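Biologist: I would like to learn how to read a protein model step by step, beginning with its strands and ending with its empty spaces. Could we go through one together?

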Amino acid sequence: MTDKLPITLLTGYLGAGKTTLVNHILTGSHGKRYAVIVNEFADIGIDADLIVKQDEDMVELSSGCVCCTVRHELTPMLLRLARAGVYDAILIETTGLASPRPLIASFLTDPQISSVAHLNNVVTVVDARTLAERVADSPEAREQILFADHILLNKVDLVDVATRENGQRLLRGLNAIARVHPTVGSQADIAMLMAPPANDLDRLGDEQVLCTHAGHDHDACDHDHDRATPPQHDIPSTGISSVSLSTEKPLDEMKLTRWFDRLVVERGGDILRAKAIFNVRDEPRRVVMQMVAGMLDGEVREPWADGDTRQSRLVFIGRGLDPDILQSQLEAVIA
């Protein structure tokens, strides 16, 4: 869909296994060349040394990739790497103490970056042993989960089955958009983590996304998905919930655009993340919109295939979300 260099943002709280995942990606036999940027919190860099021997701010890895420490402004570095023309993607490992929100915002608002690169995926690594504690006591850890497209529930070999299942429910309650991958040693399918998120958007129509409240019997799901249905999932003590909507009725493009513009103005601070695929009247292609931290991004994707159920599907994650209001607003933009 684009010639711009894809950026994958790798985040996760301290000790979750981010650097282990970076090494897994760099040493994998995937035939790709990745430029890696390590964003350290401390004045003395450690993570980059754990990945590869340093030589100034760029070194050639055994896999043919390049590792950089963030010693200069992020924008010039991204421009340099993107214009080199030798990399398949850029991987940025953030410090475990930071929310990914500012970086995501810079990718969406910086015209220099958006001219040569685009944010492809946000991958978050969490420690299965301490997940519940971090969600309870760390806003940064919660935001790392909230903004993720893929979540690695790591170190599942060190917890019992009940803790693992509770962790999965907790993650799906916080983020109904992301794919959750139980892992040992941060071992995950690299191609899936680095792939464009278009296929993940298609999952917004799956029962496991639209009906993810704890204890729900997906095989016995009796929701009427021919209309907008708003399952809502709350995580106690965070004030954050997710709301899922769907309808098979075509939408009016002008009304839809005005709705999302109004959401940005009125609820941009409350809606942390939103993803949607829309069936727009008289448009043979899928219309995709994403909202991240009050910023809106939309594009027209591939055509609906013959036999496809042309269903609009939306997921909102944020604070103070009223599923009934969102449902009525969706119904108001039906053509």
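Biologist: Which residue in strand 5 does Leu-10 stand opposite?

Modeller: Please keep in mind that this is a predicted model. In it, Leu-10 stands opposite Glu-93, which belongs to strand 5. That strand covers residues 89-93 and runs parallel to strand 1, to which 4 bridges join it.

Biologist: With which strand does strand 1 pair over 8 bridges, and in what sense?

Modeller: The partner is strand 6, and the two strands pair in the parallel sense. A point to look for in this pairing is Pro-6, which stands opposite His-118 of strand 6.

Biologist: Are the residues of strand 1 buried or exposed?

Modeller: A residue counts as buried when its relative accessible area is under 20%. In strand 1, residues 5-12, that holds for 8 of the 8 residues. Leu-5, Ile-7, Leu-9 and Thr-11 point one way from the strand, while Pro-6, Thr-8, Leu-10 and Gly-12 point the other way, and all of them are buried.

Biologist: How should I read a helix, and how many residues of helix 1 are buried?

Modeller: The general idea is that an α-helix has 3.6 residues a turn, so residues three or four places apart point the same way. Helix 1, which spans residues 18-27, is mostly covered, with 7 of its 10 residues buried. Among them are Lys-18, Leu-21, Val-22 and Ile-25.

Biologist: What do these pieces add up to in the protein chain as a whole?

Modeller: The secondary structure of the chain comes to 13 helices and 14 strands, and of its 335 residues 53% are buried. If you take the contacts with a separation of 6 or more, 72% of them are between residues 24 or more positions apart.

Biologist: How many cavities of 30 Å³ or more are there, and what lines the largest cavity?

Modeller: In general, rolling a probe the size of a water molecule over the atoms shows where empty space is left. Here the count is 2 cavities of 30 Å³ or more, and the largest cavity holds about 100 Å³ of space. Its lining has 13 residues, of which Tyr-13, Val-126, Asp-127, Arg-134 and Ala-141 lie nearest the centre. Strand 6 (117-127), helix 6 (131-137) and helix 7 (139-146) are the elements that each give two or more residues to this lining. Sorted by class, the lining of the largest cavity has 9 nonpolar, 2 polar and 2 charged residues.

Technical notes. Residues numbered from 1 in each chain as written. Predicted model: local features only at pLDDT ≥ 70, side-chain atom pairs only at ≥ 80, totals over all residues. Heavy atoms only, no water. 1 Å grid on protein atoms, 1.4 Å probe; cavity = no way out; pocket = protein on both sides within 12 Å on 5 of 7 lines; lining within 4 Å. Points joined across faces, edges and corners; volume = space filled by probe spheres on them. Nonpolar A, V, L, I, M, F, W, Y, C, P; charged D, E, K, R; others polar. Buried < 20%, exposed > 50% of the residue type's maximum accessible area, 1.4 Å probe, protein only. Contact = heavy atoms within 4.5 Å. Pairing = 2+ DSSP bridges.
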